[in-house]
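User: I would like to learn how terms are applied to a model like this one. Please go through a few of them with me.

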Amino acid sequence: MTDDSLSSHAHEMDFAPDPAFSAQANGTADLYDAAAADHEGFWAEQARSRITWATDFERTLDWDDAPFAKWFVGGRLNVAHNCVDRHVEAGNGDRVAIHFEGEGGDTRAITYADLQREVAKTANALTELGVTTGDTVAIYMPMIPETVFTMLACARLGAPHSVIFGGFSAEALHTRIDDAQCKVVVTTDGQFRRGKPSPLKPAVDEALQYPNPVEKVLVVRRTGTDVAWSEDRDVWWHDLVERQADTHEAQPHDSEHPLFILYTSGTTGKPKGIFHTSGGYLTQAAYTNAVVHDVHPESDVYWCTADVGWVTGHSYIVYGPLANGATQVMYEGTPDTPHQGRWWELIEKYGVTVLYTAPTAIRTFMKWGDDIPAKFDLSSVRLLGSVGEPINPEAWLWYRKHIGGDRAPIVDTWWQTETGGIMISPLPGVTTLEPGSAQRPIPGIAAEILDDDGQPFTEAEKVGYLVLTKPWPAMLRGIWGDPERYKDTYWSRFGPKYYFAGDGAKYDEKGNIWLLGRVDDVMNVSGHRLSTAEIESALVSHPKVAEAAVVGASDETTGQAVCAFVILRQEAVEEADEPGEGGDLVQELRNHVAHEIGPIAKPRQIMIVPELPKTRSGKIMRRLLKDVAENREVGDVTTLADSSVMSMIQQGLTGGS
Ligand code: 6R9
């Protein structure tokens with residue numbers, strides 16, 4: 001079978017588990033039955049077997065004041081003790097917790113014993129700065145070990161952290177610091193990006209020019225670049241942390257004590273401070289990292305490529321793998337520094353066995369070419385994961401073939417900042433995999449798809465709204481300081497019984513769930529519901545297309561019309577004439593979509609562009625493309641990873657037509 005025939009039959013392919021994988025897998029089929037038979041009993045068992053409690057809990061779930069949940073009521077634990085100290089106490093202090101690789105090639109191997117000392121020193125330092133239980137701490141840092149030390153030190157003290165992604169502006173930083181009333185900010189002088197130091201502290205200085213609650217700023221020296229200094233406020237990490245005692249007595253906190261706040265953008269206005277608590281969150285992070293990522297702490301080298309500034313980094317770099325005592329890789333830089341094979345080089349170097357990344361990265365690697373990963377020994381890889389957006393079958397198959405050696409199972413994991421942990425995903429070694437589908441809720445999670453009237457259905461190929469029907473341990477406990485917004489956003493669309501995830505979904509004939517993108521990304525063309533993700537997937541299945549984004553633009557006759565923005569693969573770019581609209585290729589692509597999905601899905605317009613507008617977490621900002629498609633002035637671009645992308649797209653279009 002050639003690659004092309006493979007691609008066009010992607011939706012008909014499935015992959016049964018390899019018996020050798022199943023034999024060693026943490027996940028087993030009987031977990032589904034156990035969880036279905038006794039939801040709370042199942043989670044109580046996970047909490048007791050995976051987490052060390054200073055005081056056992058009395059009640060598994062208190063849902064009396066729904067939608068405000070309490071899990072493992074009466075239980076007390078210290079999250080940092082669970083992630084660090086207990087592994088040292090169990091005799092695993094010499095195990096590497098983090099293989100850190102700086103962008104410039106500097107490395108550090110941090111064992112669990114090292115981590116225990118570093119977290120203790122950091123906790124003592126924060127205490128000296130006046131941080132106590134209940135105070136909030138902002139963390140504005142790159143992907144370096146001190147970021148993890150700080151998060152765990154906060155957890156140890158019971159001081160909720162608010163990690164703000166290092167790519168956010170001073171303005172975004174100020175809003176978040178103010179909303180959570182942070183007492184201390186931890187930052188660095190800068191970070192290495194694409195071989196150059198890029199400053200971070202100036203954004204903190206700028207954010208703190210406005211009225212703010214911050215008393216101290218703790219600064220790690222990472223790049224050695226000059227920084228402005230405020231004598232009363234700023235403290236160097238190497239002056240304060242290095243002289244602290246390397247032991248610290250951890251106090252247990254209530255199971256429902258807030259662990260962290262993480263801001264995520266809503267459909268409108270102000271970012272939402274999603275907050276998570278301790279016992280339930282840690283239980284689900286540890287459980288999912290064990291059964292979905294199949295992490296075996298004694299033998300695996302796990303690598304989650306997310307930034308710690310996103311929920312994926314919280315749950316699957318810090319809390320899940322460390323609670324399980326895993327060994328992981330942490331990489332500071334970009335995938336193309338100093339060359340496009342950097343990730344594969346790291347897999348070869350550290351013998352990475354489990355890789356967890358995002359479809360946008362996978363499609364970028366497809367664009368760069370198969371020959372790049374082929375130069376490295378990736379034979380250690382035994383499991384692959386995907387998160388963040390639907391993974392189209394072509395990217396799934398490419399990932400399996402070129403990174404997974406045609407043998408590694410792929411887990412496509414659906415979840416959200418709000419859910420705290422993985423919710424819908426195959427269990428590797430158990431589930432027969434269906435490329436492009438996240439498949440079914442994991443054991444302990446319950447989901448349904450509702451129609452417009454809020455009625456659940458199971459018909460195949462009918463599009464509806466994904467809802468979660470039972471409370472789960474890592475669920476958000478609210479929006480920081482705004483309980484009404486929490487109720488309105490998640491628990492009112494279909495009534496108080498259903499958590500409304502905001503995603504469109506459908507079942508296929510086999511009963512597998514396909515996530516179809518945010519509900520606002522589901523189009524209605526002549527009364528037919530079409531998913532942006534489905535059309536994008538069709539476009540990407542064409543051999544000349546590297547990446548595609550689809551939006552529904554308003555149309556007088558059909559309500560909405562399909563507009564597609566397409567990035568060509570390198571070879572196709574070389575063949576093509578001018579960028580922009582027009583040409584045989586556009587016609588070919590329109591026909592291809594019509595052929596793959598049906599004439600109704602045929603895009604009205606296809607625009608060939610050099611780049612797509614993406615947020616820093618890699619999500620395509622369709623709102624901006626919609627502005628282009630509807631000939632409007634382009635809206636706010638401040639949350640784009642690269643704000644010049646929109647002008648590049650527009651120039652290309654006017655230049656090419
Ligand atoms: C973990 C994370 C959440 C939104 C979610 C959905 C999309 C995430 C997905 C997926 C399809 C997957 N999403 N994983 N869509 N398949 N495997 O990404 O959290 O940044 O809060 O985004 O991302 O639309 O609602 P967050």
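Analyst: Among the 16 residues around the ligand, the nearest are D412, T413, T417, D503 and R518. This is a predicted model, where local features need pLDDT of at least 70, side-chain atom pairs count only at pLDDT 80 or more, and totals for chains, interfaces and linings use all residues. Residues are numbered from 1 along each chain as its sequence is written, and side-chain values use heavy atoms, without hydrogens and water.

User: What makes a residue count as near a molecule?

Analyst: One of its heavy atoms must lie within 4 Å of the molecule. The shell found around the ligand divides into 6 nonpolar, 5 polar and 5 charged residues. Nonpolar means Ala, Val, Leu, Ile, Met, Phe, Trp, Tyr, Cys and Pro; charged means Asp, Glu, Lys and Arg; the others, Gly among them, are polar.

User: How do you know which polar side-chain atom of D503 pairs with the ligand, and at what distance?

Analyst: A polar contact is a pair of N or O atoms within 3.5 Å. A polar side-chain atom of D503 is 2.9 Å from a ligand oxygen atom, and for K619 a side-chain N or O atom is 3.2 Å from a ligand oxygen atom.

User: Why does the length of α20 agree with a helix?

Analyst: Helices are DSSP runs (H or I, at least four residues), numbered from the N terminus. The expected span is 1.5 Å times one less than the number of residues. For the 13 residues 584-596 of α20 that gives 18 Å, and the end C-alpha atoms are 18 Å apart, so the two agree.

Conventions:
Helix = DSSP H or I, 4+ residues; strand = E, 2+ residues; numbered from the N terminus. Polar contact = N/O pair within 3.5 Å; in protein donor to acceptor, adjacent residues only side chain to side chain.
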